[in-house]
Amino acid sequence: MKTQRLTENQTETAGEILRNGGIVAIPTETVYGLAANALDEEAVLKIFEAKGRPQDNPLIVHISDFNKLYDLVKYVPDTAKALAAAFWPGPLTMIMERADIVPKSTSAGLSTVAIRMPSDETARKIIDAAGVPLAAPSANLSGKPSPTTAQHVLFDMDGKIDAVVMGKECSVGVESTVITLCTNPPRLLRPGKITPEEIEKVIGKIDIDDAVLGKLKEGEKASSPGMKYKHYSPKAEVTIVKGSFDGFLKLIKTKNPNETTAIVFSGEEKDMPCKCLVLGDEDDSESQAHNLFLLLRECDELGAKEVYVRCPKQSGVGLAVMNRLLRAAAFRITEV
Ligand code: TXA
Ligand code: MG
């Protein structure tokens with residue numbers, strides 16, 4: 001299949017391809033999404049095929065108008081209204097009871113459905129032009145880091161999808177915060193730019209799912225199926241290093257510099273005896289979130305065999321950075 005390159009201004013063309021059952025990668029403020037008509041079972045199945053995504057992993061449905069929510073869910077809880085007023089359009093996904101109109105393939109057979117209204121202008125224009133809600137997982141091959149540039153989408157998807165909208169680099173850089181409103185209290189399933197503290201200011205106490213920072217035990221059921229898979233991984237083996245910078249440096253000096261890449265905080269790179277990438281300022285979780293997937297892909301471009309990463313702060317947006325990094329590292333942590 002020939003994958004068309006569309007400019008950010010060709011939102012009408014993108015909408016037409018989507019309306020006709022095609023699949024199109026689109027920019028959003030978080031990461032690029034691979035979109036299809038969420039109500040068209042056959043179109044949605046093409047997404048799973050192109051990504052190599054397990055079919056038990058449900059998709060997020062994207063809308064550009066709050067009122068469309070009423071078509072997609074059984075009822076809209078007050079918590080959803082309050083959170084939408086505070087954070088939509090924006091990087092927050094809410095899980096509610098699924099209406100029958102949403103096909104099984106979109107929500108992987110679950111009785112619930114995940115909905116989000118992106119803030120990115122191009123994404124919203126494409127949803128409007130399509131005239132249907134769009135199911136869109138991140139536009140990477142399953143298991144790879146989510147793409148935050150159109151080039152990264154093409155790297156994974158060229159020849160497998162109908163079109164890519166060649167937009168800008170994504171501003172947030174990690175996927176949306178996912179919260180289920182089907183439990184009492186609501187439970188955070190995936191951390192993102194919208195933090196638990198910000199959510200609690202609007203709807204009061206929420207739970208944080210154990211899988212956010214922990215590893216599922218053998219046979220344990222994931223509340224969010226996506227959390228059970230290996231994720232965000234470059235080809236190299238990634239290890240998170242907890243402890244001081246001095247300890248980190250000592251560890252790096254024991255490694256073969258030709259096979260090792262270090263990911264460090266700003267200012268630390270000058271001392272590194274191997275290839276080195278900068279995650280961002282130690283105290284700036286937002287820029288770390290913005291950079292993380294770009295760097296994980298760069299590790300592959302550098303041909304890294306082993307990657308050692310300074311352990312990020314876990315407060316605020318740092319929780320999202322740590323959540324993604326833990327998966328990229330398959331939960332490998334070492335203390336120095
Ligand atoms: O920022 C984002 O959310 C991006 C952009 C494209 O919008 N999309 C994205 O989709 O990250 P995806 O498919 O890569 O991640 C969706 C996550 C998965 O972990 C999935 O298991 C979970 O949301 N999820 C979706 N529907 C769910 C449901 N009904 N119940 C529990 N978890 C659900
Ligand atoms: Mg994904």
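Let's start with helix α8, residues 245–253. This is a predicted model, so please hear everything that follows in that light. Helix α8 lies across four strands: β12, β13, β15 and β16. Strand β12 covers 237–242, and β15 covers 306–310. Against β15, the helix runs at about 170°.

Which residues of α8 are buried? They are F245, G247, F248, L249, L251 and I252. And what covers them? The cover includes β12, β13, β15 and β16.

Now the sheet itself. It is open and has 5 strands. Read across, the order is β14, β13, β15, β12, β16. The pairing is parallel. Look at the two edges. β14, at 275–280, and β16, at 333–335, each have a single partner strand, so one side of each has no neighbour in the sheet. On average, neighbouring strands here are turned by 25° against each other, direction ignored.

Take one pair from that sheet. Strand β13, residues 260–265, pairs with β14 in the parallel sense, over 5 bridges. Want a place to click? Pick V264; its bridge partner in β14 is V278.

A second helix packs on this sheet: α9, residues 285–301. Helix α9 touches β13, β14 and β15. Its direction makes about 155° with that of β14.

Stay with α9, and bring in helix α6, residues 150–157. How do α6 and α9 cross? Their axes come within 12 Å, at roughly 55°. The two helices are therefore oblique to each other. The crossing is left-handed. From α6, the contact uses H152, F155 and D156. From α9, it uses L294, R297 and E301. By class, that contact has 2 nonpolar, 1 polar and 3 charged residues.

Next, another helix pair: α4, residues 78–87, and α7, residues 196–203. These two pack at an angle of about 125°, and their axes are 9 Å apart. So α4 and α7 are oblique to each other as well. The crossing of α4 and α7 is right-handed. Who meets whom? On the α4 side we have T79, A82, L83, A86 and F87. On the α7 side we have E198, I199, V202 and I203. The classes here are 7 nonpolar, 1 polar and 1 charged.

Last stop: strand β9, residues 177–180. Which way do its residues point? T177 and I179 point one way, V178 and T180 the other. Buried or exposed? All four of these are buried.

A quick reminder before the partners of β9. Strands of a sheet pair through backbone hydrogen bonds, either parallel or antiparallel. Strand β9 gives us an example of each pairing. With β5, residues 92–97, it runs parallel, joined by 4 bridges. With β10, residues 187–190, β9 runs antiparallel, joined by 3 bridges. A hairpin of 6 residues links β9 to β10.

One residue ties this part together, and that is V178. In the pairing with β5, V178 is the bridge partner of T93. In the pairing with β10, V178 stands opposite R190.

To recap: an open sheet of 5 strands in parallel pairing, with α8 lying across four of them and α9 packing on the sheet too. Then two oblique helix pairs, α6 with α9 and α4 with α7. And finally β9, with β5 parallel to it and β10 antiparallel.

Note on methods. Residues numbered from 1 in each chain as written. Chains lettered and ligands numbered in written order. Predicted model: local features only at pLDDT ≥ 70, side-chain atom pairs only at ≥ 80, totals over all residues. Heavy atoms only, no water. Pairing = 2+ DSSP bridges. Axes fitted to C-alpha atoms, helices over the stretch in contact; angles between N-to-C directions. Contact = heavy atoms within 4.5 Å. Parallel < 35°, antiparallel > 145°, perpendicular 65-115°, else oblique. Left-handed = near helix turned anticlockwise from the far one by under 90°. Nonpolar A, V, L, I, M, F, W, Y, C, P; charged D, E, K, R; others polar. Buried < 20%, exposed > 50% of the residue type's maximum accessible area, 1.4 Å probe, protein only.
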